[in-house]
Amino acid sequence: MNNSPEEDIEAADITLSKKPELPLVWFLPIIALLVSAWLIYKSAAEKGAIITINFPTAEGLEVDKTKIRYLDVDIGKVTAISINDDLKTIQINAQMNSNATDYLKESTSFWVVKPQVGLGGISGLGTLLSGPYIELKPGSGKEQLHFTGLTVPPIMKSHMDGKQFILETNNLGSMRPGTPINFHGIPVGEVLSHKLSDEANAILLTIFIYAPYDQFVRKNSRFWIDSGVDLSASADGFKVRTGPLISLLSGGIAFRASAKDTPADIKPEHSLFQLYDTYDQSTQITYTNTLKYVMHFNGSVRGLTEGAPVQLRGIPIGRVTDISLELDKKTAEIHVPVIVELEPDRIESINDPTNVSDKDVMEQLIKKGLRAQLQTGSLVTGQLLIDLDFHPESKIVASDNHHSDYPEFPTIASSFEEFTHSAQIIMDKLAKLPLDKLTVEMNKTLASLQDTSKAATGMLNTANGTLATAKETLGNASGTMKSANQVLGNLEPGSTGYYEFHKMLQEFTQAASSLKQLTDYLEQHPESLIRGKDEGKDD
Amino acid sequence: MKLIKTALAQGFIRCHDCGYLIKSKVQCLCPICKSSISARRHQNLHLTTALIISSFCLYIPANIYPIMAVTELGVTARHTIAGGIMVLIQKDMVPIAILVLVASILVPLMKLLGITLLLLCVHYRWQVNVHLFTRMYRIIAFVGRWSMLDIFMISILVGLVNMGGVANVIAGPAATAFAAVVVLTMFAAKSFDPRLIWDHQLT
């Protein structure tokens, strides 16, 4: 046997084929371990805090399906829904991603996004298919893990460039969060919230104006309520003004910038503005330099309201600020002091001597005959206005009442008052007429007239009867006529009747001539009646 | 009682490449073709063990991560393997659910456990039912490729269902891990030397 060489090879090869104890293959499980460890770590690291949110209802929310999103990025999902102990609200547990930790602050708000159809537009249409999701608005403050969800989405869903301002108004009207704010008809902002002022005498609206329009909110910018139809009746007549259609339906605020403002007048954030009720109010320029006067009018001031214009030759230079009723208990006299506010700045002055005050100028004008007079502004509404004009012939009639704090402005009776006065006189004269007597006489006349009328009625009845008889007679006459007609028909020329009638007439003529002869003879010989005809003599 | 009379027991090694019979008991080079020969692929036990441990490591993410993300009308739903089976059961598709359960969970798990069992058996020289274990090995080696069913299905879905927001399927991280598990267990089964089961077995 030749075993030895094989054993030699074997002995030689044993050392050659020796391999390292730990093969490279063991790197594989290490890599696998690392990969899965990394995957698990990643998922564990992605999981952030578990938060709880209270909602009034779990409508549309589903465990493991409903996402929590911010700016349409998923940052968590609902893991459990349970009913709270108060049995009125529900609580959802949500697993947030680790990167969402920064958003979970005290003022962070959550709300459920559902499809919404409103006047302002349609939103959340995507949720029709995908089902609702919970949206988050990051807040500030301390970190927190328990939240109470909002029932309505907040207006400012995310941070936008712009500024917040405060508007002061007396009446909230139809304004609510989301009410649009227009600038020359462009929607440039919205109402964020409203609250009562600390003294509860005004409502403060927080509004947001988007950039770049926020730079037009300047010192003299005016805000007014632009909602619905603004129908105003004033001394100037009727006025109808409407805002954009959307404001017409859901209310709105508008503002405009003043041409006087420069970019240096841009108001800082949270500035307070007055919100005017109407466009007209917002257009009225407020003059700081005013002169107040009191006017006493003789007649009624019905139709004169606070705010009624005071005009000088038709141009408004002020307004009525107060109308009151005063009773002088000593003299039992009633006064109606009308306080007016004149704005001399409305009158442009020429040749202005600097040392003369407006008050002096006004006194000078009064001396020249400037008088106040009530005038009807609008015949339709009956509103009155105060017109100032020069009546140099009229005297300054000072009223006895000197209790007022303001200087008195002389007045004259209005043309309407004069008219009323003359009308009164006519009425008085009318009242003096002996109406009672006249009435009695009139009554009598009327009674006799009635009698006459009755008699006339009787006569008319009789006449009626007569007429009936006449009718009968006429009927008879008609019959007679008919017979006559017949007779005449018989007497037509050529007919037998006509011939006989003709013959008869001839005979009748002959008879008449013999009768004539007889009468002639009798005339000549009347004795023949007694003696008979003398036959000899006659021939 | 004595060991089964194998070639090794009689002191022979057969060259894997050229079939030359060498009277040796340890690893050596074939005198004819110079390839490395050994009586048993003992070295491969390391490979098998490493592959199995890797498979175990990857089996965990394969089951806890979503295997695919299905977007339907803008709604994205991520499904793990178990979650997918639950959905199928909810939709009254129990046979398919059972199929997925068997192909995607039980078969890989059985493969892993089976190979582990074989490895342990070889390592600790347990006295077992050798015929049964051999049959198990054969089944594991055969069934391995069928576990790729899931991966094929997902890759087809990803390719076919791609309609943007209406319907879209994206493979998840678990798909990769699952594919790796299947491939690794296939290699593990391949690298295992079933003759090792028979060694140290007393008849």
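At what angle do α3(B) and helix α6 (residues 173–191) of chain B pack, and how many Å apart are their axes? They pack at about 35°, with the axes 10 Å apart. Two packed helices are described by exactly that pair of values, the angle between their axes and the distance between the axes. Here the axes are lines fitted to C-alpha atoms, for helices over the stretch in contact, and angles run from 0 to 180 degrees between N-to-C directions.

Some ground rules: this is a predicted model, where local features need pLDDT of at least 70 and side-chain atom pairs count only at pLDDT 80 or more, while totals for chains, interfaces and linings use all residues. Residues are numbered from 1 along each chain as its sequence is written, chains are lettered from A and ligands numbered from 1 in the order in which they are written, and side-chain values use heavy atoms, leaving out hydrogens and water.

**The two chains**

Helices (H or I, at least four residues) and strands (E, at least two) are DSSP runs, numbered from the N terminus. Buried means under 20% relative accessible area (1.4 Å probe, protein chains only), and accessible areas come from the Shrake-Rupley method with a 1.4 Å probe.

| Chain | Helices and strands | Buried residues | Accessible surface |
|---|---|---|---|
| Chain A | 11 helices, 27 strands | 29% of 539 residues | about 35,700 Å² |
| Chain B | 7 helices, 7 strands | 41% of 203 residues | about 10,900 Å² |

Carbon and sulfur atoms supply 57% of that surface in chain A and 70% in chain B. Reading chain B from the N terminus, you meet β-β-β-β-α-β-β-α-α-α-α-β-α-α. A contact means heavy atoms within 4.5 Å. Among chain B contacts with a separation of 6 or more, 63% join residues 24 or more positions apart.

**Helix packing in chain B**

Back to α3(B) and α6(B): their crossing is left-handed (the near helix is turned anticlockwise from the far one by less than a right angle). Residues in this contact include P108(B) and L112(B) of α3(B), along with F178(B) and V182(B) of α6(B). The contact residues divide into 8 nonpolar, 2 polar and 1 charged. Ala, Val, Leu, Ile, Met, Phe, Trp, Tyr, Cys and Pro count as nonpolar, Asp, Glu, Lys and Arg as charged, and the others, Gly among them, as polar.

Helix α3 (residues 94–124) also meets helix α2 (residues 81–90) of chain B, where the axes come within 8 Å and cross at roughly 165°. So α2(B) and α3(B) are roughly antiparallel (over 145 degrees). This crossing is left-handed too. From α2(B), I81(B), I85(B), L88(B) and I89(B) take part, meeting α3(B) residues including V100(B) and L101(B). That contact has 10 nonpolar residues, 1 polar and no charged.

Key
Buried < 20%, exposed > 50% of the residue type's maximum accessible area, 1.4 Å probe, protein only. Parallel < 35°, antiparallel > 145°, perpendicular 65-115°, else oblique.
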